[in-house]
Amino acid sequence: MGKAFNIEERTKLANAAFINATRRAIAVSRQTNTPFITWRSGQIVELTPDEAEAELNANLAKQNAEKEQA
């Protein structure tokens, strides 16, 4: 049987997977010269790959800062 994970470990793994998937989607958007599509406040939003990457990095920096303050 596989290794048992607690909820915190599962959450960290899930977050890492989401970040990885987002980075891969941004890379595909850049390679294909197509907009990065996301969902925000109930609406579809088109971003350039650079905008998407900047938002991802800003959100990750904010999360890291909040963890350090906790």
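Ile 37 is partly exposed, with 47% of relative accessible area, and the model in which we read this value is a predicted one. Let's start from this residue.

**Exercise 1. A nonpolar patch**

Find the element that holds Ile 37, and say which residues make a nonpolar surface patch with Ile 37.

*Solution.*
Step 1: Locate the residue. Ile 37 belongs to strand 1, which covers residues 36–40.
Step 2: Check whether Ile 37 may count towards a patch. A patch residue needs over 30% relative accessible area, and Ile 37 has 47%.
Step 3: Name the partners. Trp 39 and Ile 44 join Ile 37 in a nonpolar surface patch of about 380 Å².

**Exercise 2. Both ends of helix 1**

Describe helix 1 from the segment before it to the residue that follows it.

*Solution.*
Step 1: Begin ahead of the helix. Phe 5 sits in the segment before helix 1, which spans residues 7–32. With a relative accessibility of 34%, Phe 5 is partly exposed. Leaving aside residues up to four places away in sequence, Phe 5 touches Arg 10 and Leu 13.
Step 2: Look for the cap. Asn 6 provides it at the N-terminal end of helix 1, with a side-chain oxygen 2.9 Å from the backbone nitrogen of Glu 8.
Step 3: Compare the span with expectation. The 26 residues of helix 1 reach 37 Å from the first C-alpha to the last, close to the 38 Å expected at 1.5 Å a residue.
Step 4: Leave the helix. Asn 33 comes after helix 1 and has a positive phi, near 55 degrees.

**Exercise 3. Two positive phi values**

Which loops hold Asn 33 and Ser 41, and are these residues buried or exposed?

*Solution.*
Step 1: Recall the background. Most residues other than glycine have a negative phi.
Step 2: Read the angles. Asn 33 is not a glycine, yet its phi is positive, near 55 degrees. Ser 41, also not a glycine, has a positive phi of about 55 degrees.
Step 3: Place the residues. Asn 33 is in the loop between helix 1 and strand 1, while Ser 41 is in the loop between strand 1 and strand 2 (43–47).
Step 4: Apply the cut-off for exposed, which is over 50%. Asn 33 has a relative accessible area of 71% and is therefore exposed. Ser 41, at 74%, is exposed too.

**Exercise 4. Salt bridges across the fold**

How many salt bridges does a search of the whole structure find, and which residues are linked in a network?

*Solution.*
Step 1: Take the total. The search finds three salt bridges.
Step 2: Start with Arg 30 and Asp 50, whose side chains form a salt bridge at 2.8 Å, N to O. Arg 30 is in helix 1 and Asp 50 in helix 2 (residues 49–69), so this pair ties together parts 20 residues apart in sequence.
Step 3: Stay with Arg 30. Its side chain also meets that of Glu 53 in a salt bridge, at 3.2 Å from N to O. This pair links distant parts of the chain, 23 residues apart, with Glu 53 in helix 2 and Arg 30 in helix 1.
Step 4: Join the pairs. Arg 30, Asp 50 and Glu 53 are linked in a network of salt bridges.
Step 5: Turn to strand 1. Glu 55 forms a salt bridge with Arg 40, with the closest N and O atoms 2.6 Å apart. Glu 55 lies in helix 2 and Arg 40 in strand 1, so the pair ties together parts 15 residues apart in sequence.
Step 6: Add the accessibilities. Asp 50 is exposed at 53%, whereas Arg 30 is partly exposed at 37%. Partly exposed also describes Glu 53 at 29%, Glu 55 at 33% and Arg 40 at 34%.

Key: Residues are numbered from 1 along each chain as its sequence is written. This is a predicted model: local features need pLDDT of at least 70, side-chain atom pairs count only at pLDDT 80 or more; totals for chains, interfaces and linings use all residues. Side-chain values use heavy atoms; hydrogens and water are left out. Helices (H or I, at least four residues) and strands (E, at least two) are DSSP runs, numbered from the N terminus. Buried means under 20% relative accessible area, exposed over 50%, partly exposed in between (1.4 Å probe, protein chains only). Contact means heavy atoms within 4.5 Å. The expected span of a helix is 1.5 Å times one less than its number of residues. A polar contact is a pair of N or O atoms within 3.5 Å; within protein, one must be able to donate a hydrogen and the other to accept it, and residues adjacent in sequence count only if both atoms are side-chain atoms. Patches are made of residues with over 30% relative accessible area and no salt bridge: like charges are joined within 9 Å, nonpolar side chains (Val, Leu, Ile, Met, Phe, Trp, Tyr) within 5 Å. Accessible areas come from the Shrake-Rupley method with a 1.4 Å probe; for residues, only the protein chains shown count as cover. A salt bridge is a side-chain nitrogen of Lys or Arg within 4 Å of a carboxyl oxygen of Asp or Glu.
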